[in-house]
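Okay, thanks for squeezing me in. Let's pull the model up on the screen and walk through a few spots together.

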Amino acid sequence: MYDTSNEDPIMSADFHHGAILTGDQIKREIHAGNIEISGFTESQLNENSYNVTLSPTIMVYDLKATDDYIVDIKQPPELLSATISDKYGFVIYPDKLYLGSTNETIHSDIYVPILTGRSSFGRLGFAIHRTGNFGDLGYNGTWTLQIQSMFPTRIYPNIQIAQIYFMRPYGRITKLYHGKYQDSFEPTASRISRELNK
């Protein structure tokens, strides 16, 4: 039998049973301080994920602010911002990218958070990420959503728009995220220009 007597508790054999945390285990890890979800409520907890809600702030890239209606990845992008109305909502149109964000701030130094859509929205042809749904150990902040829809779709603030699940990493945790998106608390545009202009 594998001897875990000299190991850190989070690296014990029992710790590696399974890969995705169940809803019950997410709640246990929140109470233990290993996962932080701002405004946590059990009503948003699923069998093996946690529903996150849509911030009222939504942004689009302002192509009119460019010289030739082209996004240049070496330049910080210009954005237009709007507030989603409680009463009238906000219409998402096809062939356009919208940046939204979760209301919830998520953080864990132990578990890998992964954002994914809800099937109820997927059945409407509505997507909440193009890529970038994979979180990093140590990231702290809200999650920027890359929203697109096949049809004109009216959305509303604070709806449960996506879900976060948590993976147990395999191996020792030797590095935590301190990158360019750390402590983001609103929809955040691409910062790839910071890498290219070093």
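Which side chain does Arg-28 meet in a salt bridge? That would be Asp-24, with N to O at 2.8 Å. Keep in mind that what you're looking at is a predicted model, so every number I give comes out of computed coordinates.

Both partners, Arg-28 and Asp-24, sit in helix H1, and they are 4 residues apart, about one turn of the helix. Asp-24 has 41% relative accessibility, so we call it partly exposed.

Let's stay on H1, which runs over residues 23-32. Which of its residues are buried? Gly-23, Ile-26, Glu-29 and Ile-30. Those buried residues span an arc of only 120° around the axis, and therefore they end up on the same side of H1. Turn to the face pointing away from that buried side, and you find the exposed residues Arg-28, His-31 and Ala-32. So Arg-28, our salt-bridge partner from a moment ago, belongs to that exposed set; it counts as exposed because its relative accessible area is over 50%.

What covers the buried residues? The cover includes strand S1, residues 36-37, and strand S13, residues 160-167. Right after the helix comes Gly-33, with a positive phi near 85°.

Now, how many salt bridges are there? The count is 3, and you've already seen Arg-28 with Asp-24. Another one pairs Glu-42 with Lys-27, where the closest N and O atoms are 3.5 Å apart. This pair links distant parts of the chain: Lys-27 is in helix H1, while Glu-42 is in the loop between S1 and strand S2 (50-53), 15 residues apart. Glu-42 comes out at 48% relative accessibility, so it counts as partly exposed.

Then there's Glu-195 with Lys-180, N to O at 2.5 Å. Glu-195 is in helix H3, residues 192-196, and Lys-180 is in the loop between S13 and H3, so this pair ties together parts 15 residues apart in sequence. Glu-195 has a relative accessible area of 40%, so it is partly exposed. Lys-180 is at 26% relative accessibility, and so it counts as partly exposed.

Next, some backbone. Most residues other than glycine have a negative phi. Asp-95 is not a glycine, yet its phi is positive, about 60°. Where is Asp-95? In the loop between strand S5 (90-92) and strand S6 (98-101). With 83% relative accessibility, Asp-95 counts as exposed.

Asn-158 also has a positive phi, near 70°, and is a residue other than glycine. You'll find Asn-158 in the loop between strand S12 (153-155) and S13. At 43% relative accessibility, Asn-158 is partly exposed.

Last stop, the largest pocket. What is its volume? About 580 Å³. The pocket is lined by 20 residues, and those nearest its centre are Thr-131, Gly-132, Thr-144, Gln-146 and Tyr-181. By class, the lining splits into 9 nonpolar, 9 polar and 2 charged residues.

That's my tour. Happy to spin the model around if anyone wants another look.

Notes
Residues are numbered from 1 along each chain as its sequence is written. This is a predicted model: local features need pLDDT of at least 70, side-chain atom pairs count only at pLDDT 80 or more; totals for chains, interfaces and linings use all residues. Side-chain values use heavy atoms; hydrogens and water are left out. On a 1 Å grid over the protein atoms alone, a cavity is a set of points where a 1.4 Å probe fits but cannot get out, and a pocket is an open set with protein on both sides within 12 Å along at least five of seven lines; lining residues have an atom within 4 Å of a point. Grid points are joined across faces, edges and corners, and a volume is the space filled by probe spheres set on the points. Ala, Val, Leu, Ile, Met, Phe, Trp, Tyr, Cys and Pro count as nonpolar, Asp, Glu, Lys and Arg as charged, and the others, Gly among them, as polar. Buried means under 20% relative accessible area, exposed over 50%, partly exposed in between (1.4 Å probe, protein chains only). Helices (H or I, at least four residues) and strands (E, at least two) are DSSP runs, numbered from the N terminus. The arc is that of the directions from the helix axis to the C-beta atoms. Contact means heavy atoms within 4.5 Å. A salt bridge is a side-chain nitrogen of Lys or Arg within 4 Å of a carboxyl oxygen of Asp or Glu.
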